[in-house]
Every structure is written in C-alpha cells, then in structure tokens.
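Look at the sequence and the model below. This report goes through one helix, one pocket and two backbone angles.

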Amino acid sequence: MKQLTPERLLDVAYDEALRGLAEGGIPIGAALFDTGGTLLGRGRNRRVQSGDPSMHAETDAFRAAGRRRDYRGTIMVTTLSPCWYCSGLVRQFGIGAVVVGESQTFSGGHKWLAGHGVAVTVLEDRRCIDLMSRFIAEHPALWHEDIGSADDLEA
C-alpha cells in the first residue's frame, strides 16, 4: 500500500486542473478525501465550460462527493489557495483539513481557515505554481474575472 501524503493527494487535484485547462477552462483542480485516503469526489473549475460562476474546483469536488452526515473527517485538496467562496464552503460544512498546492499566484482564505481550527498544509508545489503562472500570463482577463477583479484590468 502506498503511503498517504499530501503530495499524493495533490496529484488527483493537479490532474483535474490539467483536465480543466484542456477543456478551455481555468486550471484549478480539487479533490475531497476521507482521512484514510479514500477519494470521495474530484472536480475542477468549470466556470467557463458550464457558464456557472459558482462552479469552482472545490465546489465541483464537494458536489461530486455527495451528501454526507459529517465532513469533519475529510480533507479538501486544491491546487490553489481557496478563494473566500470556497473557504466559506470549508467552514460551513466543517471540513477538517485543507491541502493547498500553492498560494504564490493567489493567496485566498487558507490563513483564515487555519485561524478557525482547520488543519492547513501549503505545499508550494512547483507544478501548480508554473501551471497558474503560465495561465495568468496567457489569459489575464479570464483570470481577473475568475477572482472577481475584472475591473482591475480597466484601470
């Protein structure tokens, strides 16, 4: 049996990010696991593909996991620091741990989550940093739309 590590969990989310990019979307992936390492749901940012502004990677993975009585024993893994919307999802449902692929290109609510008792691991994974850095450089308008700062490009 392979050892359960944050890096192994991140591999699933990273694969989802690549799938999203191949579909013409924003390359952010996520996965929800139980503490034993069982994959409960995986997803990717599908805002572009579905035309749904609420379809962030964490939301997609959460929905794919289906209904559970309790989320405290789960781990949300995401390639990018979760935005406030997705950080709110983690808090609302009491997800116990978050693994963040990187927070250099965008630093969302992971420090806030840690301050509220969520176990947060930030990996600063080179693959995730490079993927988002390239995407932001090549698609700045789409990126700014995704993080809610499209007006910044007009200034």
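The text that follows describes a predicted model.

**Helix H1**

Helix H1 runs over residues 6-22 and has 17 residues. At 1.5 Å a residue, H1 should span 24 Å, and its end C-alpha atoms lie 25 Å apart, so the two values agree. Buried residues in H1 are Leu9, Leu10, Val12, Ala13, Tyr14, Glu16, Ala17 and Gly20. Their cover includes strands S1 (29-34), S2 (39-44) and S3 (74-78), together with helix H2 (47-50) and H6.

**Two positive phi angles**

Most residues other than glycine have a negative phi. The table lists two residues with a positive value.

| Residue | Phi | Place |
|---|---|---|
| Glycine 24 | about 90° | just after H1 |
| Glutamate 124 | about 50° | loop between strand S5 (119-122) and helix H6 (126-138) |

Glutamate 124 has this positive phi although it is not a glycine. Is Glutamate 124 buried or partly exposed? Its relative accessible area is 30%, and buried means under 20% while exposed means over 50%, so Glutamate 124 counts as partly exposed.

**The largest pocket**

Rolling a probe the size of a water molecule over the atoms shows where empty space is left. In this model, the largest pocket holds about 160 Å³ of space. Its lining consists of Ile28, Asn45, His56, Glu58, Leu80, Ser81, Cys83, Phe106, Trp143, Asp146, Ile147 and Gly148. Of the lining residues, six are nonpolar, four are polar and two are charged. Asp and Glu count as charged, and the lining includes Glu58 and Asp146.

Note on methods: Residues numbered from 1 in each chain as written. Predicted model: local features only at pLDDT ≥ 70, side-chain atom pairs only at ≥ 80, totals over all residues. Heavy atoms only, no water. Helix = DSSP H or I, 4+ residues; strand = E, 2+ residues; numbered from the N terminus. Buried < 20%, exposed > 50% of the residue type's maximum accessible area, 1.4 Å probe, protein only. 1 Å grid on protein atoms, 1.4 Å probe; cavity = no way out; pocket = protein on both sides within 12 Å on 5 of 7 lines; lining within 4 Å. Points joined across faces, edges and corners; volume = space filled by probe spheres on them. Expected span 1.5 Å × (residues − 1). Contact = heavy atoms within 4.5 Å.
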